[in-house]
Amino acid sequence: SFAPLAPTIGNGFEGITQGPYIPSEPTCAAGPLNIFSAGNVSVTVTNKDGSSRVETDGQVFFGVPSAEGAISDAQCYYDALRGRFVALCFTQGTSPSNYSYFYLAISQTNDARGAWYIYKFDMTLDGTTPTSNWADYEGLGVSGDKIAMSGQQFTFSGNVYKYQKIRVIDRAIAYT
């Protein structure tokens, strides 16, 4: 007889709490010690057996100033080759002036409960040229030497789609 090919089901446990934005758009990343989940509003870290779940407001986790409000559309991954969690979210608004930022968080070790590097990118800029566009639907990719972030650019006025933007940074520098 043949043995089942499916993995054995383990513990199930709560990820992020459903906040005011539906859907909450959760993503999760599994490292060797814990599970990191991120979505609209908050992030969690939970041991792989489901114990010691800690939920943190995403604005606090990513270091977003209170004037920018809640995070949106957070994504997270685990880079198993380098033992790092990588997470990305965005904020955007028009008060007191137009802004659009990507926040990139990278764990400093393979433990999501440890220290993180946090980076902020002004997504209204095309290189160094200011635009009247903001970034939505962010994407994230990690290779051996680069981190790529993409966003669909929309006008602040009228919310009209304009183009896709890709930002590429040096992975080794971002990880240190």
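Of the 20 residues in the largest nonpolar core, which touch the most other members? The legends below begin with this core in the predicted model.

**Figure 1. Close-up of the largest nonpolar core, a set of 20 residues.** The residues that touch the most other members are F36, F61, F62 and W116. Two or more residues each come from strand 2 (34–38), strand 3 (42–47), strand 5 (72–79), strand 6 and strand 7 (99–107). The most is given by strand 7, which supplies four residues. Around F62, the contacts beyond four places in sequence are V43, I71, A87, L88, C89, Y103, A105 and I118. A second core, separate from this one, has 18 residues, among them F102, M149, F154 and A174. As general background, nonpolar side chains tend to be buried together in soluble globular proteins.

**Figure 2. Close-up of an aromatic cluster that includes F36 and F85.** The whole structure contains 13 aromatic pairs. The pair made by F36 and F85 is tilted, with 6.1 Å centre to centre and 50° between the planes. Because F36 belongs to strand 2 and F85 to strand 6, this pair ties together parts that are 49 residues apart in sequence. F36 and F85 are both buried. Through ring pairs, F36, F61, F62, Y78, F85 and W116 are linked into a cluster.

**Figure 3. Close-up of the hairpin formed by strand 5 and strand 6.** The two strands run antiparallel and are joined by six bridges. Within this pairing, V86 of strand 6 stands opposite Y77. Four residues lie between the strands, and G83 in the turn has a positive phi of about 65°.

**Figure 4. Close-up of T91, a residue of strand 6 (residues 84–93).** T91 has a relative accessible area of 2% and is therefore buried. Its side chain makes a polar contact of 2.6 Å with the side chain of E68. When residues up to four places away in sequence are not counted, T91 touches V64, E68, A70, I71, Y99, S100, Y101 and Y103. E68 thus appears both as a polar partner of the T91 side chain and among the residues that T91 touches.

**Figure 5. Close-up of the hairpin formed by strand 3 and strand 4.** Strand 3 and strand 4 (residues 54–57) run antiparallel, with four bridges joining them. The bridge partner of S42 is D57, in strand 4. Six residues lie between the two strands; in the turn, G50 has a positive phi of about 95°.

**Figure 6. Close-up of cysteines in a structure that holds zero disulfides.** The cysteine sulfur closest to that of C28 belongs to C76, and because these atoms are 6.4 Å apart they are too far for a bond, given that a disulfide requires sulfur atoms within 2.5 Å. C89 is likewise in no disulfide, as the nearest cysteine sulfur, that of C76, is 11 Å away. Is C89 buried or exposed? C89 counts as buried, since its relative accessibility is 0%. C28, in contrast, is exposed, with a relative accessible area of 57%.

**Figure 7. Close-up of the cis peptide bond from S95 to P96.** Omega of this bond is near 5°. P96 is located in the loop between strand 6 and strand 7. In general, most peptide bonds are trans, and most residues other than glycine have a negative phi.

**Figure 8. Close-up of Y137 and N159, two residues other than glycine with positive phi.** For Y137, phi is near 55°. Y137 is found in strand 11 (residues 133–142) and is exposed, with a relative accessible area of 53%. For N159, phi is also near 55°. N159 is found in the loop between strand 12 (146–155) and strand 13; at a relative accessible area of 45%, N159 is partly exposed.

**Figure 9. Close-up of I166 in strand 13 (residues 161–170).** I166 is exposed, with a relative accessible area of 58%. Apart from neighbours within four places in sequence, I166 is in contact with A148, M149 and S150. M149 is also included in the second nonpolar core. The C-alpha atoms of I166 and G139 are separated by 8.9 Å, and these two residues are 27 residues apart along the chain.

Key:
Residues numbered from 1 in each chain as written. Predicted model: local features only at pLDDT ≥ 70, side-chain atom pairs only at ≥ 80, totals over all residues. Heavy atoms only, no water. Buried < 20%, exposed > 50% of the residue type's maximum accessible area, 1.4 Å probe, protein only. Polar contact = N/O pair within 3.5 Å; in protein donor to acceptor, adjacent residues only side chain to side chain. Contact = heavy atoms within 4.5 Å. Core = buried A, V, L, I, M, F, W, Y, C linked by side-chain atoms within 4.5 Å. Pairing = 2+ DSSP bridges. Phe/Tyr/Trp six-rings, centres within 6.5 Å; stacked < 30°, edge-to-face > 60°.
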